[in-house]
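Visitor: I am new to this structure and would like a close look at a single part of it. Could you choose one residue, describe its surroundings with care, and then set it within the whole chain?

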Amino acid sequence: MLRLLALITAASSWTHTRAPQPPRAAVRLHAAPPHPSLGSLTLVGAGPGDPELLTVAALRAIADSEALVICDRLVSPEIRELVRGELRVAGKLPGCAEKAQQQIYDWCREGLVEGRRVVRLKIGDPFVFGRGGEEVLELRERLGVEARVVPGVSACLAAPLAAGVPVTHRGAAHQTLVSTGYGRGNSSSPELPPYDPRRTIVLLMAVGRLRSIVDDCVASQDFPLDCPALVVEQAATPRQRTVLGDLSDIADLAERHEIKAPATVVFGDAVRALHQGVAHGLIEMPEPTGFSPVIDVRHAGVSRPASLDVSATLEQAAP
(Lines give C-alpha, C1' and ligand atoms only; values in the text may rest on other atoms or scores of the structure.)
Protein backbone atom coordinates (compact mmCIF):
# COMPACT_ATOMS: atom_id res chain seq x y z
CA MET A 1 0.00 0.00 0.00
CA LEU A 2 2.90 2.31 0.77
CA ARG A 3 4.27 1.66 -2.70
CA LEU A 4 0.84 2.40 -4.17
CA LEU A 5 0.66 5.68 -2.23
CA ALA A 6 4.13 6.63 -3.42
CA LEU A 7 3.16 5.80 -7.00
CA ILE A 8 0.02 7.91 -6.81
CA THR A 9 1.90 10.82 -5.22
CA ALA A 10 4.59 10.62 -7.89
CA ALA A 11 1.98 10.46 -10.63
CA SER A 12 0.21 13.52 -9.21
CA SER A 13 3.41 15.61 -9.04
CA TRP A 14 4.45 14.49 -12.52
CA THR A 15 1.19 15.67 -14.05
CA HIS A 16 1.73 19.10 -12.52
CA THR A 17 4.88 19.63 -14.57
CA ARG A 18 3.74 18.22 -17.88
CA ALA A 19 0.93 19.00 -20.25
CA PRO A 20 -2.20 16.88 -19.68
CA GLN A 21 -1.97 13.46 -21.33
CA PRO A 22 -4.81 11.12 -22.35
CA PRO A 23 -5.42 8.20 -19.95
CA ARG A 24 -3.00 5.40 -20.78
CA ALA A 25 -4.65 2.59 -18.84
CA ALA A 26 -7.85 2.68 -20.87
CA VAL A 27 -8.75 0.98 -24.13
CA ARG A 28 -10.70 3.12 -26.58
CA LEU A 29 -13.19 1.33 -28.78
CA HIS A 30 -14.50 3.01 -31.95
CA ALA A 31 -18.14 3.92 -32.46
CA ALA A 32 -20.35 6.76 -33.67
CA PRO A 33 -20.11 9.92 -31.51
CA PRO A 34 -22.66 9.90 -28.67
CA HIS A 35 -25.31 12.54 -28.23
CA PRO A 36 -23.62 15.56 -26.58
CA SER A 37 -26.03 15.56 -23.62
CA LEU A 38 -25.20 11.98 -22.59
CA GLY A 39 -22.82 11.17 -19.79
CA SER A 40 -19.73 8.97 -19.96
CA LEU A 41 -19.26 5.25 -19.34
CA THR A 42 -16.18 3.54 -17.90
CA LEU A 43 -15.91 -0.23 -17.44
CA VAL A 44 -13.51 -0.88 -14.58
CA GLY A 45 -11.87 -4.15 -13.54
CA ALA A 46 -12.01 -4.55 -9.76
CA GLY A 47 -9.56 -7.44 -9.61
CA PRO A 48 -10.13 -10.52 -7.42
CA GLY A 49 -11.09 -8.70 -4.22
CA ASP A 50 -8.13 -7.12 -2.44
CA PRO A 51 -8.28 -3.29 -2.75
CA GLU A 52 -4.50 -3.22 -3.03
CA LEU A 53 -4.76 -5.15 -6.30
CA LEU A 54 -6.79 -2.36 -7.90
CA THR A 55 -4.97 -0.46 -10.63
CA VAL A 56 -4.34 3.24 -10.07
CA ALA A 57 -6.79 3.98 -12.91
CA ALA A 58 -9.48 1.89 -11.18
CA LEU A 59 -8.85 3.65 -7.88
CA ARG A 60 -9.24 7.03 -9.56
CA ALA A 61 -12.53 5.97 -11.17
CA ILE A 62 -14.21 4.76 -7.99
CA ALA A 63 -12.86 7.71 -5.99
CA ASP A 64 -14.87 10.12 -8.15
CA SER A 65 -17.49 11.59 -5.81
CA GLU A 66 -19.65 12.63 -8.78
CA ALA A 67 -19.77 9.16 -10.34
CA LEU A 68 -22.58 6.62 -10.37
CA VAL A 69 -20.85 3.31 -9.63
CA ILE A 70 -22.72 0.15 -10.65
CA CYS A 71 -21.57 -3.33 -9.66
CA ASP A 72 -22.89 -6.72 -8.56
CA ARG A 73 -22.50 -8.68 -5.32
CA LEU A 74 -19.34 -10.45 -6.56
CA VAL A 75 -17.29 -7.26 -6.09
CA SER A 76 -15.82 -7.53 -2.61
CA PRO A 77 -17.21 -5.35 0.19
CA GLU A 78 -13.69 -4.02 0.83
CA ILE A 79 -13.64 -2.53 -2.67
CA ARG A 80 -17.25 -1.33 -2.51
CA GLU A 81 -16.36 0.59 0.66
CA LEU A 82 -13.89 2.67 -1.35
CA VAL A 83 -16.61 4.10 -3.63
CA ARG A 84 -17.06 7.83 -2.97
CA GLY A 85 -20.05 8.51 -5.23
CA GLU A 86 -23.44 6.80 -5.49
CA LEU A 87 -23.19 2.99 -5.41
CA ARG A 88 -25.81 0.61 -6.80
CA VAL A 89 -25.39 -3.16 -6.35
CA ALA A 90 -27.28 -5.65 -8.51
CA GLY A 91 -28.17 -8.97 -6.92
CA LYS A 92 -26.61 -11.45 -9.36
CA LEU A 93 -27.75 -14.61 -7.59
CA PRO A 94 -27.88 -18.08 -9.19
CA GLY A 95 -30.90 -18.25 -11.48
CA CYS A 96 -31.34 -14.47 -11.53
CA ALA A 97 -28.32 -13.44 -13.60
CA GLU A 98 -30.26 -12.23 -16.65
CA LYS A 99 -32.69 -10.20 -14.57
CA ALA A 100 -29.78 -8.58 -12.71
CA GLN A 101 -27.96 -7.89 -15.98
CA GLN A 102 -31.03 -6.08 -17.32
CA GLN A 103 -31.16 -4.04 -14.13
CA ILE A 104 -27.52 -3.06 -14.69
CA TYR A 105 -28.29 -1.95 -18.26
CA ASP A 106 -31.25 0.09 -17.00
CA TRP A 107 -29.13 1.80 -14.36
CA CYS A 108 -26.40 2.56 -16.91
CA ARG A 109 -28.93 4.08 -19.32
CA GLU A 110 -30.50 6.12 -16.52
CA GLY A 111 -27.16 7.58 -15.46
CA LEU A 112 -26.04 8.26 -19.03
CA VAL A 113 -29.29 10.00 -19.97
CA GLU A 114 -28.90 12.16 -16.86
CA GLY A 115 -25.45 13.19 -18.09
CA ARG A 116 -23.58 11.46 -15.27
CA ARG A 117 -20.20 9.76 -15.19
CA VAL A 118 -21.15 6.07 -14.98
CA VAL A 119 -18.59 3.59 -13.67
CA ARG A 120 -19.44 -0.05 -14.31
CA LEU A 121 -17.33 -1.90 -11.73
CA LYS A 122 -16.75 -5.58 -12.55
CA ILE A 123 -14.93 -8.33 -10.65
CA GLY A 124 -11.61 -9.38 -12.17
CA ASP A 125 -11.06 -8.05 -15.69
CA PRO A 126 -14.08 -6.75 -17.65
CA PHE A 127 -13.15 -8.69 -20.79
CA VAL A 128 -12.27 -12.06 -19.21
CA PHE A 129 -15.57 -13.94 -18.82
CA GLY A 130 -17.11 -10.75 -17.49
CA ARG A 131 -19.59 -9.87 -20.26
CA GLY A 132 -17.73 -6.61 -20.69
CA GLY A 133 -17.80 -6.86 -24.47
CA GLU A 134 -21.56 -7.43 -24.39
CA GLU A 135 -22.06 -4.35 -22.25
CA VAL A 136 -19.92 -2.22 -24.56
CA LEU A 137 -22.00 -3.34 -27.56
CA GLU A 138 -25.34 -2.91 -25.77
CA LEU A 139 -24.71 0.71 -24.82
CA ARG A 140 -22.96 1.52 -28.08
CA GLU A 141 -25.90 0.24 -30.13
CA ARG A 142 -28.69 1.53 -27.87
CA LEU A 143 -27.34 4.94 -26.94
CA GLY A 144 -24.28 5.53 -29.13
CA VAL A 145 -22.12 5.72 -26.01
CA GLU A 146 -18.52 4.59 -26.34
CA ALA A 147 -16.97 3.01 -23.27
CA ARG A 148 -13.59 3.59 -21.73
CA VAL A 149 -12.26 0.27 -20.44
CA VAL A 150 -9.85 -0.03 -17.50
CA PRO A 151 -8.22 -3.47 -17.26
CA GLY A 152 -8.24 -5.41 -14.01
CA VAL A 153 -6.33 -8.30 -12.47
CA SER A 154 -8.25 -11.40 -13.56
CA ALA A 155 -9.09 -14.10 -11.03
CA CYS A 156 -8.00 -16.73 -13.56
CA LEU A 157 -4.40 -15.91 -12.58
CA ALA A 158 -4.74 -14.07 -9.27
CA ALA A 159 -6.92 -16.67 -7.53
CA PRO A 160 -4.56 -19.62 -8.13
CA LEU A 161 -1.66 -17.40 -7.05
CA ALA A 162 -3.48 -16.45 -3.83
CA ALA A 163 -3.99 -20.18 -3.18
CA GLY A 164 -0.32 -20.96 -3.72
CA VAL A 165 -0.65 -22.43 -7.23
CA PRO A 166 1.78 -21.39 -9.99
CA VAL A 167 -0.29 -22.14 -13.09
CA THR A 168 2.94 -22.76 -14.99
CA HIS A 169 5.80 -24.54 -13.25
CA ARG A 170 8.89 -26.24 -14.60
CA GLY A 171 8.35 -29.99 -14.66
CA ALA A 172 4.62 -29.69 -13.89
CA ALA A 173 2.89 -27.46 -16.46
CA HIS A 174 3.91 -25.42 -19.47
CA GLN A 175 0.34 -24.66 -20.60
CA THR A 176 -2.64 -23.03 -18.94
CA LEU A 177 -6.20 -23.34 -20.21
CA VAL A 178 -8.85 -20.97 -18.85
CA SER A 179 -12.56 -21.72 -19.24
CA THR A 180 -15.91 -21.04 -17.63
CA GLY A 181 -17.74 -23.89 -15.96
CA TYR A 182 -20.42 -23.79 -18.65
CA GLY A 183 -20.63 -25.15 -22.16
CA ARG A 184 -22.69 -23.95 -25.10
CA GLY A 185 -26.11 -22.72 -24.07
CA ASN A 186 -25.07 -22.57 -20.38
CA SER A 187 -26.41 -26.08 -19.89
CA SER A 188 -23.59 -28.54 -20.50
CA SER A 189 -20.10 -29.01 -19.11
CA PRO A 190 -17.32 -26.94 -20.68
CA GLU A 191 -15.71 -28.36 -23.81
CA LEU A 192 -12.35 -29.21 -22.26
CA PRO A 193 -9.66 -30.98 -24.31
CA PRO A 194 -8.36 -34.45 -23.44
CA TYR A 195 -6.12 -34.71 -20.40
CA ASP A 196 -2.55 -33.50 -20.76
CA PRO A 197 -0.34 -33.89 -17.67
CA ARG A 198 1.60 -30.77 -18.68
CA ARG A 199 -1.47 -28.51 -18.70
CA THR A 200 -3.16 -26.56 -15.88
CA ILE A 201 -6.93 -26.13 -16.14
CA VAL A 202 -8.43 -23.01 -14.52
CA LEU A 203 -12.23 -22.81 -14.32
CA LEU A 204 -14.24 -19.72 -13.42
CA MET A 205 -17.91 -19.81 -12.42
CA ALA A 206 -17.65 -23.59 -12.01
CA VAL A 207 -18.02 -24.44 -8.33
CA GLY A 208 -21.80 -24.87 -8.53
CA ARG A 209 -21.46 -27.67 -11.08
CA LEU A 210 -18.09 -29.04 -10.02
CA ARG A 211 -19.26 -32.64 -9.65
CA SER A 212 -20.64 -32.90 -13.19
CA ILE A 213 -17.48 -31.25 -14.58
CA VAL A 214 -15.26 -33.76 -12.75
CA ASP A 215 -17.42 -36.68 -13.94
CA ASP A 216 -17.17 -35.48 -17.52
CA CYS A 217 -13.39 -34.97 -17.31
CA VAL A 218 -12.88 -38.50 -15.99
CA ALA A 219 -15.39 -40.27 -18.23
CA SER A 220 -14.86 -38.38 -21.50
CA GLN A 221 -11.45 -36.69 -21.40
CA ASP A 222 -9.31 -39.36 -19.70
CA PHE A 223 -8.45 -37.32 -16.63
CA PRO A 224 -7.06 -39.64 -13.91
CA LEU A 225 -8.81 -39.69 -10.56
CA ASP A 226 -5.54 -38.77 -8.85
CA CYS A 227 -5.19 -35.55 -10.87
CA PRO A 228 -4.57 -32.82 -8.25
CA ALA A 229 -7.42 -30.35 -7.81
CA LEU A 230 -8.06 -27.22 -5.76
CA VAL A 231 -10.90 -24.76 -5.22
CA VAL A 232 -10.31 -21.29 -3.79
CA GLU A 233 -13.26 -19.22 -2.57
CA GLN A 234 -13.19 -15.40 -2.38
CA ALA A 235 -9.51 -15.30 -3.31
CA ALA A 236 -7.39 -12.40 -2.07
CA THR A 237 -9.89 -11.34 0.58
CA PRO A 238 -9.93 -11.93 4.37
CA ARG A 239 -12.62 -14.57 3.73
CA GLN A 240 -10.49 -16.70 1.43
CA ARG A 241 -10.86 -20.44 1.90
CA THR A 242 -9.05 -23.14 -0.07
CA VAL A 243 -9.78 -26.85 -0.39
CA LEU A 244 -7.16 -29.20 -1.79
CA GLY A 245 -7.68 -32.70 -3.13
CA ASP A 246 -7.81 -34.59 -6.39
CA LEU A 247 -10.56 -35.49 -8.85
CA SER A 248 -11.64 -38.41 -6.67
CA ASP A 249 -12.76 -36.17 -3.79
CA ILE A 250 -12.65 -32.47 -4.72
CA ALA A 251 -16.42 -32.25 -5.34
CA ASP A 252 -17.11 -33.88 -1.95
CA LEU A 253 -14.67 -31.54 -0.22
CA ALA A 254 -16.22 -28.45 -1.81
CA GLU A 255 -19.70 -29.56 -0.71
CA ARG A 256 -18.57 -30.55 2.79
CA HIS A 257 -17.01 -27.13 3.39
CA GLU A 258 -19.86 -25.30 1.61
CA ILE A 259 -17.59 -23.53 -0.86
CA LYS A 260 -19.61 -20.91 -2.76
CA ALA A 261 -19.13 -18.41 -5.57
CA PRO A 262 -17.04 -16.47 -6.30
CA ALA A 263 -14.64 -19.38 -6.49
CA THR A 264 -11.95 -20.59 -8.87
CA VAL A 265 -11.27 -24.25 -9.67
CA VAL A 266 -7.83 -25.55 -10.68
CA PHE A 267 -6.89 -29.01 -12.02
CA GLY A 268 -3.39 -30.31 -12.82
CA ASP A 269 -0.01 -31.23 -11.37
CA ALA A 270 0.84 -27.55 -10.79
CA VAL A 271 -1.68 -27.61 -7.92
CA ARG A 272 0.79 -29.72 -5.91
CA ALA A 273 3.95 -27.83 -6.88
CA LEU A 274 3.93 -25.74 -3.67
CA HIS A 275 1.61 -28.00 -1.64
CA GLN A 276 3.63 -31.21 -1.52
CA GLY A 277 2.71 -33.39 1.41
CA VAL A 278 -0.35 -31.32 2.37
CA ALA A 279 -3.36 -33.45 3.34
CA HIS A 280 -6.64 -33.29 1.44
CA GLY A 281 -9.18 -30.89 2.86
CA LEU A 282 -9.40 -27.26 3.92
CA ILE A 283 -5.87 -25.89 3.97
CA GLU A 284 -4.16 -22.94 5.60
CA MET A 285 -1.75 -20.85 3.57
CA PRO A 286 1.75 -20.51 5.06
CA GLU A 287 2.48 -17.11 6.53
CA PRO A 288 4.98 -15.10 4.45
CA THR A 289 8.19 -14.00 6.12
CA GLY A 290 7.83 -10.38 7.20
CA PHE A 291 4.76 -8.24 6.49
CA SER A 292 3.36 -7.66 3.02
CA PRO A 293 -0.22 -6.32 2.92
CA VAL A 294 -0.74 -7.44 -0.67
CA ILE A 295 -0.25 -11.06 0.43
CA ASP A 296 -1.31 -11.02 4.07
CA VAL A 297 -4.76 -9.55 3.36
CA ARG A 298 -5.81 -13.11 2.47
CA HIS A 299 -5.60 -14.14 6.11
CA ALA A 300 -8.58 -13.33 8.29
CA GLY A 301 -6.33 -12.78 11.31
CA VAL A 302 -4.10 -10.20 9.63
CA SER A 303 -5.15 -6.57 9.46
CA ARG A 304 -3.63 -3.62 7.66
CA PRO A 305 -1.30 -1.36 9.67
CA ALA A 306 -3.08 1.61 11.20
CA SER A 307 -0.61 3.89 9.40
CA LEU A 308 -2.09 2.94 6.02
CA ASP A 309 -4.92 5.39 5.44
CA VAL A 310 -7.00 4.31 2.43
CA SER A 311 -9.04 7.50 2.54
CA ALA A 312 -5.89 9.61 2.29
CA THR A 313 -4.74 7.48 -0.63
CA LEU A 314 -8.04 8.06 -2.41
CA GLU A 315 -7.70 11.79 -1.89
CA GLN A 316 -4.35 11.57 -3.66
CA ALA A 317 -5.84 9.45 -6.46
CA ALA A 318 -9.00 11.49 -7.06
CA PRO A 319 -9.09 13.46 -10.36
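Guide: Helices and strands are here runs assigned by DSSP, with at least four residues for a helix and at least two for a strand, and they are numbered from the N terminus. In this model, which is predicted, Ser 76 lies in the loop that runs between strand β3 (68–72) and helix α3 (77–80). With a relative accessible area of 6%, Ser 76 counts as buried, because that term applies to values under 20%. The side chain of Ser 76 comes to 2.7 Å from the backbone oxygen of Gly 49, and Gly 49 also appears among the residues that Ser 76 touches, together with Thr 237 and Arg 239, when residues up to four places away in sequence are left aside.

For another loop residue, one may turn to Met 205, which is found between β8 (199–204) and α7 (210–220). Met 205 has a relative accessibility of 46% and is therefore classed as partly exposed, and with Phe 129 and Tyr 182 it forms a nonpolar surface patch of about 290 Å².

As for the whole chain, it holds 10 helices and 12 strands, and of its 319 residues 49% are buried, Ser 76 being one of the buried residues. Of the contacts between residues at least 6 apart in sequence, 69% link residues at least 24 apart. The area that the chain exposes is about 15,500 Å², with 55% of it supplied by carbon and sulfur atoms.

Notes
Residues numbered from 1 in each chain as written. Predicted model: local features only at pLDDT ≥ 70, side-chain atom pairs only at ≥ 80, totals over all residues. Heavy atoms only, no water. Buried < 20%, exposed > 50% of the residue type's maximum accessible area, 1.4 Å probe, protein only. Polar contact = N/O pair within 3.5 Å; in protein donor to acceptor, adjacent residues only side chain to side chain. Contact = heavy atoms within 4.5 Å. Patch = residues over 30% accessible without salt bridge, like charges linked within 9 Å, V, L, I, M, F, W, Y side chains within 5 Å. Areas by Shrake-Rupley, 256 points an atom, 1.4 Å probe, with all protein chains shown as cover. Salt bridge = Lys/Arg side-chain N within 4 Å of Asp/Glu carboxyl O.
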